[in-house]
Amino acid sequence: MSGPARTGGEWVVEALRAEGVRHVFGIPGIHNLAVYDALLRQDRIAHVLARHEAGAAFMADGYARSTGEVGVVLVTSGPGATNTLTPLAEAYAGSVPLLVLMSDVATEDLGREVGALHEVPNQIACFRPVCRMAEVVRATADIAPAIAGAFDLLRSGRPGPVALSIPHDLLTGRATGALRAAGAGRRPPCHVAAVAEAARHLERARRPVVIAGGGVVTAGASAELLALARRLDAPVITTVMGRGAIPEDDPLWQGVLPDRRATEAVLREADVILAVGCRFAARSTRGLLLNLAFAPHQVLIHLDLDPTVIGKRYAPTVAVVGDARDGLARLLAALGPGPGASAWDRAWLARLRRDPGPRWTPTLARFIERLREGAPRDAIVVNDQTAVNYWMEWRFPVWAPRTFLYPVGSATLGYAVPAALGARLAHPGRPVVAVVGDGGFLFSVQELATAVKYRLPVAFVVVNDDRYGAIEWLQRRLYGRAGEYELVNPDFPALARAFGARGERLDDLDALPAALAAAFKVGTPTVLELRLTVEPPWEVSPPEA
């Protein structure tokens, strides 16, 4: 039965409310004011006003990455919409569920290049390369079904961003329609025959290894992963997106995939490799350290929700398509009870796991120890991209899923500040700390104003060396000279206070735990500046003379 006639803006809000959305992030503009008018007349969905559309989308990313729920972004036409492209590229690479609802020029002007206000010719085409789905809504009555369809896609398939472009005349126009019940969409189970074949290989394995990716976290399959690893007595290697899928103080955890010192020899010695929810991204497998390859005698079992991922880089012996939680549970049932009895040398595995390599320094060790000491076990740690974050990608201990947010897909600067705000809004009672370099901090420092406006007690640890330090290091290693890396920075504690936040300069790493504890207790954000020069962990050969 059709409901009452509503404006397109009202249909947007009603459709989001029907899906259980609690927060949306955005900035109003002339073309999406009908949506904002509808938001102002209800109290079920809270709007978070960002200071830049990229900040709004990164907030939604942090919200989604820390919860598994869809992060929703509202932006206006043209530049408002295109400002979200970098966050969408990150969400696409990281399989993070985002929904961007953007206005567009009027229906009659679509694709005509008539010089309309905020016109981007074929605006939606900008978004298709970085979205799971990107479409233009063609009628006011189609707005709610299009939003419902986006949620169905994100619940049933590989997560990622969806963009819907709505001409502004549809947002002010009226139409009747009906809302569907939320919660449709189901992740597909794994085929029993493929599971049985995989189980036969695992039963015969003497040195099995499990590689757990972000798909394990998305599926909520940590318990099944750990149970199967114990049954196989198999070391577990996680991707960066899969960190926390197994507690990293568990003796079965071996390391992070691109950390060659912890993983390469183990993968080379394995006879059966079970990769779950892992797409073997080139950044991790063909990066500055690990160069992953499998020998002909090794059995690779690849389980993933997305069939297009399987075989893209490594041809599997057994392909299992479906939900990670379902697949792990079925494998465990097929193997049956019994203690694990692999042939792994546990002392050897532990030595590999403990080896940080020759570039590790006492200062780095003390920074990570003090940061972990100051962040409670349930704290959410959000990373930007700087030399210390590259070390944290491998060496910072992670104990639970969705507590270590890292922009591994695009390796973008400016992620941590807004993403930390999204995570804190999603988890009001939990400590959130963002670790960012001086360069990346100024990419999105304006969102400190958002943190102050909403009284979000996030701790921002700014590691300051007055340079793009990793870039300088690479220049010198690759070319024997460096330039255009020096930065002229503000007084960061004073800048924080100018925004209305707390600001403090720490003279000693040992002061970090107490400073974090104090930051988590106040009702406003805190910027903690540390003077620290850190070289990245990469092992790059210098140029030939």
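In the predicted model, strand S15 (residues 380-383) is joined to strand S17 by 4 bridges, and the two strands run parallel. Within this pairing, Val381 stands opposite Val433 of S17. Both strands belong to an open sheet of 6 strands, arranged in the order S16-S15-S17-S18-S20-S19 with parallel pairing. The edges of this sheet are formed by strand S16 (404-405) and strand S19 (502-506), each of which pairs on one side only. Helix H15 packs on the sheet, where S17, S18 and S20 are touched. The direction of H15 makes about 155 degrees with that of S17.

Helix H15 comprises 13 residues (residues 362-374). At 1.5 Å a residue, a helix of this length should span 18 Å; the end C-alpha atoms of H15 are 18 Å apart, and the two values therefore agree. The buried residues of H15 are Leu364, Ala365, Phe367, Ile368, Arg370, Leu371, Arg372 and Gly374. The packing partners of these buried residues comprise two helices, H16 (387-395) and H22 (512-521), together with strands S17 (432-437), S18 (459-464) and S20 (526-531).

A further open sheet of 6 strands has the order S11-S10-S9-S12-S13-S14, again with parallel pairing. Strand S11 (253-256) and strand S14 (318-321) each have a single partner strand, so that one side of each edge strand is left without a neighbour in the sheet. On average, and with direction ignored, neighbouring strands of this sheet are turned by 15 degrees against each other. Strand S10 (residues 236-238) runs parallel to S11 and is joined to S11 by 3 bridges. In this pair, Ile237 has Gly255 of S11 as its bridge partner. Helix H10 (residues 222-232) packs on the sheet through contacts with strand S9 (208-212), S10 and strand S12 (272-276). The direction of H10 makes about 165 degrees with that of S9.

The cysteine residues were examined for disulfides, and the count comes to 0. A disulfide requires a pair of cysteine sulfur atoms within 2.5 Å. For Cys126, the closest cysteine sulfur is that of Cys131, at 11 Å, which is too far for a bond. Cys126 is partly exposed, with a relative accessible area of 32%. For Cys190, the closest cysteine sulfur lies in Cys278, at 15 Å, and this separation is likewise too far for a bond. Cys190 counts as buried, because its relative accessibility is 4% and the limit for a buried residue is under 20%.

Terms used: Residues are numbered from 1 along each chain as its sequence is written. This is a predicted model: local features need pLDDT of at least 70, side-chain atom pairs count only at pLDDT 80 or more; totals for chains, interfaces and linings use all residues. Side-chain values use heavy atoms; hydrogens and water are left out. The expected span of a helix is 1.5 Å times one less than its number of residues. Buried means under 20% relative accessible area, exposed over 50%, partly exposed in between (1.4 Å probe, protein chains only). Contact means heavy atoms within 4.5 Å. Two strands pair if DSSP finds at least two bridges between them. Axes are lines fitted to C-alpha atoms, for helices over the stretch in contact, and angles run from 0 to 180 degrees between N-to-C directions.
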